[in-house]
Amino acid sequence: MHVRLFLLIALAIAIPLGTWFAIPYLPSVRPEKSVFAGGTHYPASPVKFEFQNLGGAVVDLPLIANVQVIDFDQDGRNDVIACDARGNRVLLLKRNADDTWSESTLISDVAVPAHATVVDIDHDGDQDVIVSVLGNILPDDGVIGRVELFENQGEQFVRHVVLDDVRRVADVQVGDFDGDDDLDLAVAVFGYARGGVLWLENQGNWKFRDHQLLSAPGTIHVPVGDFDGDGDLDISAIVTQDEEELWGFENQGDGKFAAHRIWMTSNLDLGGAGLVAADLDSDGDLDLVLPAGDNLEDFDAYPQPYHGCYWFENQGKWEFAMHRISDLGGAYSAAVADINQDGFQDVVLVSLTNDWLSPENAAVVWLQNDGKQKFQSWQIASQPLHLVTVAVGDLNGDDRPDIVAGSLNVRRPHQRLGRISAWLNQGDSQP
């Protein structure tokens, strides 16, 4: 059985067979100056970035499971939200007047938070926080996962446990799935040998009723969006434990969903590590972006030729065409933004397990979209190492997309480790 060391860090109704793709073991895109036997590296980025350490010094091994760029306090300046699995807390990082950053604990006493979803779920004008609780970062099939909703009451948060009878929870996303004008929840239950996809029906007064969409271990992320263009919200999911699969759950109204397996691979070691919904080709529908490179089931995790980034182009009617758009050993997380501000959507990737014995190998890269979905990979940084989460947003108010990433290391100390790191976009160096 194919297993993942931990998640990240993505059936009661009939399941159609769906479209089947086999990912080849050799990459179809060969990077410049890259040899998989020695990891992956690329030419230096023509867009220049300035490194900034946001999260303070590394103490022990860092366990930052998720980062996001969001204006949490709604003051017009973006903040950073981070899940600190070592400290069992959700962090808030704010930019000071001198462009340094201050870190504080937003929410404490959450048992290994995997993800924090920021949303005004009670429509009272402030930001509430939904925490996906793993319970244990190591393999565990106990019923230790939870969904905890923290109601913002100004000076404090009130904890509401809305789901506590499941295995490790990796992700929670929000949407009105039943058309009753309140926000429901899509939940990724990673578990270990058991897991699945749920949607939680908002019944008011902080009560939710759970409905199972899929029973499968290793569900990491559940991006929400209108994937079929019919005006309601659907759910997608990446499952990477017994199998490596993408699923779509088509909203049929009144809280009912039809399941579509939209992709699977015979390569059970591919290592799907996350899933991002974005219109990468700007054709008006939502595509899916899959970073693949999780091989932590091997103690000496090492780059593989099938590691990298895959774009699943939405072709309508729940058909998605797979395109391999970049190699990157140990690719673990992706974010989509127009990095060089040319009007086309680019992709940022970070690596967990590139070959770190070679200091030139890439930790952060971006994939430049030429507008015809041909992607050129550029290297931003070769450290800090062991990056598992990345987000993009304007951190310093110059209207350029900056990059934030978090490090997670469960193995051994390393001299080039970080915690919460940023790369400030300085613009294109070419005339």
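In this predicted model, four strands form an open sheet in the order β10-β11-β12-β13, with antiparallel pairing. Strands here are DSSP runs of E with at least two residues, numbered from the N terminus, and two strands pair if DSSP finds at least two bridges between them. The edge strands, β10 (169-175) and β13 (208-215), each pair on one side only. On average, neighbouring strands of this sheet are turned by 20° against each other, direction ignored; the axes are lines fitted to C-alpha atoms, and angles run from 0 to 180 degrees between N-to-C directions. Between β10 and β11 (residues 184-189), the antiparallel pairing extends over 6 bridges. Val174 stands opposite Leu185 in β11.

A second site of interest is Asp120, located in the loop between β6 (113-119) and β7 (128-133). Asp120 is buried (under 20% relative accessible area, 1.4 Å probe, protein chains only). Asp120 has no salt bridge (a side-chain nitrogen of Lys or Arg within 4 Å of a carboxyl oxygen of Asp or Glu). The nearest side chain of opposite charge, Lys94, is 17 Å away. The table lists distances from polar atoms of the Asp120 side chain to two backbone nitrogens.

| Backbone nitrogen | Distance to a polar atom of the Asp120 side chain |
|---|---|
| His123 | 3.0 Å |
| Gly125 | 2.8 Å |

Leaving aside neighbours within four places in sequence, Asp120 is in contact (heavy atoms within 4.5 Å) with Gly125, Asp126, Gln127, Asp128 and Leu183.

Residues are numbered from 1 along each chain as its sequence is written, and side-chain values use heavy atoms, leaving out hydrogens and water. Local features need pLDDT of at least 70, side-chain atom pairs count only at pLDDT 80 or more, and totals for chains, interfaces and linings use all residues.

Terms used
Buried < 20%, exposed > 50% of the residue type's maximum accessible area, 1.4 Å probe, protein only. Lys, Arg positive; Asp, Glu negative; His and termini not counted. Polar contact = N/O pair within 3.5 Å; in protein donor to acceptor, adjacent residues only side chain to side chain.
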